[in-house]
Amino acid sequence: MVSAEPEGATMDARDASESLDRATDDFLAARPQLFGIAYRVLGSAAEAEDVLQETWVRWQNTDRSGVKEPAAFLTTITARLAINVAQSARVRRESYVGPWLPEPVDTRHDPQLGAERAEALEMAVLLLLEKLNPVERAAYVLREAFDYPYKQVAEILETSEPNTRQLVSRARKHLSAERKEPVSPADHRRLLEVFLAAAQTGDMRVLEKVLAADVVSYADGGGIRGASRIPVVGRLRVSKYLAAFAPRFWPPAGTRWVEANGSPAVLVTAGGDPVALLSVDASEDGIHRIMWVMNPEKLSPYVTSLSA
């Protein structure tokens, strides 16, 4: 029997298949880190997944024979795509209904989320990073979370090494000016427990004791679910706000302790359906930020990941 296909064509097909297999293996090996970079730059798991999909398409269409370090190449593509998406996302978020909060992620199985260190992962830090421009954010993430040398960060960002150092320095200064030294994980959990109990009962005395003077409460409903459309600021105002809605919000609600972005959080449900993810940012002065993720588009993927 004579083959209907020339031997050369068969070998070419085999080589192409082996090349794609290697490309797939390289991409999957780098994927946790790629997602971690994109997520930190964007503060959105959904947008990070879109970036990774585009990275994979570009990787497939690349002449990979000249790529000596696939992981470095993929990181460069991912970081640059994430910066581009972040620049357009800034315009979209200006018209976002109510306060914008990062999309939470489940970190139980990957506490560092693909990084060398769990830096730039907490909800409060991602919220603060949102105030930086995307290039500053990417520089900080690559250096502080993934420990890339300044020279490599500069190459990824297509800038000079001195400028890269300035970008990272500005990001550090911004974070240190906006956020006090966080408490230990054990104290964080304890403060959240006390806060939750006081919020459920509307106990003004305890709330005022556990909240910092400059506390801010953010409720991200995305215009889909009823939530305060402006942040509530200050110990007394936040305490009164929490006490006022306690009788309506908490009696039908159930709570479940979970982990989000490397820290303890509380999933609030009503009738078995998730309605909010509660997390806080705290220092020795008390709780500075209260974050209620109520937007179903952000909440549903997180809840799904809990049962995955």
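Of the contacts in the protein chain with a separation of 6 or more, 68% link residues 24 or more positions apart, a contact being heavy atoms within 4.5 Å. The model is predicted, so to speak of local features a pLDDT of at least 70 is needed, side-chain atom pairs count only at pLDDT 80 or more, and totals for chains, interfaces and linings use all residues. Residues are numbered from 1 along each chain as its sequence is written, and side-chain values use heavy atoms, with hydrogens and water left out.

Start with the overall picture. The protein chain has eleven helices and six strands; these are DSSP runs numbered from the N terminus, helices being H or I over at least four residues and strands E over at least two. Along the principal axes, the C-alpha atoms fill a box of roughly 85 × 55 × 35 Å. Of the 308 residues, 47% count as buried, which is to say under 20% relative accessible area, with exposed set at over 50% and partly exposed in between (1.4 Å probe, protein chains only). The accessible surface comes to about 15,000 Å², and 51% of it belongs to carbon and sulfur atoms; these areas come from the Shrake-Rupley method with a 1.4 Å probe, and for residues only the protein chains shown count as cover.

Two stretches carry UniProt domain annotations, both from an unreviewed entry. Residues 30-86 are annotated there as "RNA polymerase sigma-70 region", and residues 123-175 as "RNA polymerase sigma factor 70 region 4 type". UniProt positions are given in the numbering used here, feature names are shortened, and annotations may be inferred rather than shown by experiment. In the model, residues 30-86 are 81% helix and 0% strand, with the end C-alpha atoms 21 Å apart. For residues 123-175 the figures are 79% helix and 0% strand, and the end C-alpha atoms lie 13 Å apart.

What holds the inside together, in terms of nonpolar side chains? The largest nonpolar core has 50 residues, and Tyr-39 and Leu-157 have the most contacts inside it; such a core is a set of buried Ala, Val, Leu, Ile, Met, Phe, Trp, Tyr and Cys residues joined through side-chain atoms within 4.5 Å. Helices H1 (7-42), H2 (45-60), H3 (70-94), H4 (123-129), H5 (134-145), H6 (150-157) and H7 (161-178) each supply at least two residues of this core, and H1 gives the most, with ten. Tyr-39 touches Ser-44, Ala-45, Ala-48, Glu-103, Pro-104, Val-105, Leu-113, Leu-121, Leu-126 and Asn-261, leaving out residues up to four places away in sequence. Apart from this core lies another, of 30 residues, among them Leu-207, Val-232, Ala-246 and Ala-282.

Among the helices that feed the 50-residue core, H3 has 25 residues and reaches 36 Å from its first C-alpha to its last, close to the 36 Å expected at 1.5 Å a residue. The expected span is 1.5 Å times one less than the number of residues. The buried residues of H3 include Leu-74, Ile-77, Leu-81, Ile-83 and Arg-93. His-174 is found in helix H7 and, at 17% relative accessibility, counts as buried. Leaving aside neighbours within four places in sequence, His-174 is in contact with Leu-128, Lys-131 and Leu-132.

Now for the sheet. Six strands form an open sheet in the order S2-S1-S6-S5-S4-S3, with mixed pairing; two strands pair if DSSP finds at least two bridges between them. Strands S2 (232-233) and S3 (253-260) stand at the edges with a single partner strand each, so one side of each is left without a neighbour in the sheet. S3 and S4 pair in the antiparallel sense over eight bridges, with Ser-263 in S4 as the bridge partner of Ala-260. The hairpin of S3 and S4 has two residues between the strands, and Asn-261 there takes a positive phi near 55°. Strands S4 (residues 263-270) and S5 (residues 273-283) are also antiparallel, over five bridges, and Leu-267 has Leu-277 in S5 as its bridge partner.

Helix H10 (residues 235-249) has 15 residues and spans 20 Å from first C-alpha to last, close to the expected 21 Å. Its buried residues are Val-238, Ser-239, Leu-242, Phe-245 and Ala-246. They pack against helix H8 (185-201), helix H9 (204-210), strand S1 (211-220), S2 and strand S6 (286-293). In the loop between H10 and S3 is Trp-250, which is buried with a relative accessible area of 6%. Not counting residues up to four places away in sequence, Trp-250 touches Leu-196, Ala-199, Gln-200, Phe-245, Thr-255, Val-268 and Trp-292. The C-alpha atoms of Trp-250 and Glu-158, 92 residues apart along the chain, are separated by 51 Å.
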